[in-house]
Amino acid sequence: AADKKLRLTEVHTDTDGMLDIARLDELVPDWAERETWACGPAGMLDAAERHWSEHGVPERLHTERFRPSVVVAGDGGEVTFSTTGKTVDADGATPLLEVGEEAGVLMPSGCRMGICFGCVTPLKAGAVRDLRTGEITEAEPGVLIQTCVSAAAGPCDIEQ
Ligand code: FES
């Protein structure tokens with residue numbers, strides 16, 4: 001931008017409010033003719049996908065989501081972190097990584113989006129649901145779960 005090779009438009013949520021997709025014409029008049037890369041909260045990306053589709057150019061929008069889309073809302077249940085000795089109630093949509101962190105459990109993590117496997121932890125008892133696919137994993141010896149994309153599907157015990 002300093003070399004005048006591109007035009008940088010900054011919109012800061014704290015001072016300018018949330019970016020309203022309807023303002024796009026004013027900020028970037030030729031947006032529909034350009035490739036766009038977007039990353040941010042799910043609500044904003046959903047609005048962007050609708051906007052690009054309504055204008056007939058969905059292929060020009062490329063989004064990156066850092067939170068898995070919830071396919072099936074699970075049952076939730078009482079989650080025990082047996083190594084730390086903490087037990088908390090969790091809903092069926094919150095990743096166990098967040099449940100543990102909020103309970104003060106030191107949880108291993110990395111990408112927080114199901115890619116790096118930095119959060120894998122043994123599931124000692126109970127069942128969890130994969131928030132991306134809805135698939136249920138039940139505890140059995142040697143079973144590891146990715147806590148960043150798994151939620152409680154009933155009472156469970158996470159070895160952490
Ligand atoms: S933190 Fe990367 S897969 Fe869970």
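1. E26 has a relative accessible area of 56%, so the residue is exposed. This value, like the others in this note, comes from a predicted model. R23 reaches 29% relative accessibility and therefore counts as partly exposed. R23 and E26 form a salt bridge, in which the closest N and O atoms are 3.4 Å apart. The cut-off for such a pair is 4 Å between a side-chain nitrogen of Lys or Arg and a carboxyl oxygen of Asp or Glu, which is why R23 and E26 qualify.

2. How many salt bridges does a search of the whole structure find? The number is five. The pair R23 and E26 is one that was described above; two others are taken up below, R60 with E35 and R132 with D130.

3. R60 forms a salt bridge with E35, and their closest N and O atoms are 3.9 Å apart. This pair joins distant parts of the chain, with the two positions 25 residues apart in numbering: R60 sits in the loop between α3 (42–54) and β2 (61–64), and E35 in the loop between α2 (24–27) and β1 (36–39). Both partners are partly exposed, R60 with a relative accessible area of 26% and E35 with 43%.

4. In the salt bridge of R132 with D130, the closest N and O atoms are 2.9 Å apart. Is D130 buried or exposed? At 16% relative accessibility, D130 counts as buried, because the limit for buried is under 20%. R132 has 33% relative accessibility and counts as partly exposed.

5. The chain contains four helices and eight strands. Read from the N terminus, the order of elements is α-α-β-α-β-β-β-α-β-β-β-β. Two of these elements, α3 and β2, flank the loop that holds R60.

6. What is the radius of gyration of the chain, and what would a compact globule of 160 residues have? The chain has 20 Å, while the globule would have a value near 15 Å. Along the principal axes, the C-alpha atoms fill a box of roughly 60 × 35 × 25 Å. Of the 160 residues, 34% count as buried.

7. Among contacts in the chain with a separation of 6 or more, 55% are between residues 24 or more positions apart. L61, in strand β2, can be followed as a single case. Leaving aside neighbours within four places in sequence, L61 is in contact with T36, A38, A48, E49 and W52. L61 is buried, with a relative accessible area of 11%. R34 lies 27 residues from L61 along the chain, and the C-alpha atoms of the two are separated by 8.7 Å.

8. G40 belongs to the loop between β1 and α3 and, at 28% relative accessibility, counts as partly exposed. Once neighbours within four places in sequence are set aside, G40 is in contact with L45 and E64. G40 and T83 are 43 residues apart in sequence, and their C-alpha atoms are 35 Å apart in space.

9. The last point concerns surface and charge. The chain exposes about 9,700 Å², and carbon and sulfur atoms supply 52% of that area. How many positive and how many negative side chains does the chain have? There are 14 positive and 28 negative ones, and the centres of the two sets lie 6 Å apart.

Conventions. Residues are numbered from 1 along each chain as its sequence is written. This is a predicted model: local features need pLDDT of at least 70, side-chain atom pairs count only at pLDDT 80 or more; totals for chains, interfaces and linings use all residues. Side-chain values use heavy atoms; hydrogens and water are left out. Buried means under 20% relative accessible area, exposed over 50%, partly exposed in between (1.4 Å probe, protein chains only). The radius of gyration is taken over C-alpha atoms; the globule rule is 2.2 Å times the number of residues to the power 0.38. Contact means heavy atoms within 4.5 Å. Accessible areas come from the Shrake-Rupley method with a 1.4 Å probe; for residues, only the protein chains shown count as cover. Lys and Arg count as positive and Asp and Glu as negative; His and the chain ends are not counted. The place of a charge is taken as NZ of Lys, CZ of Arg, CG of Asp or CD of Glu.
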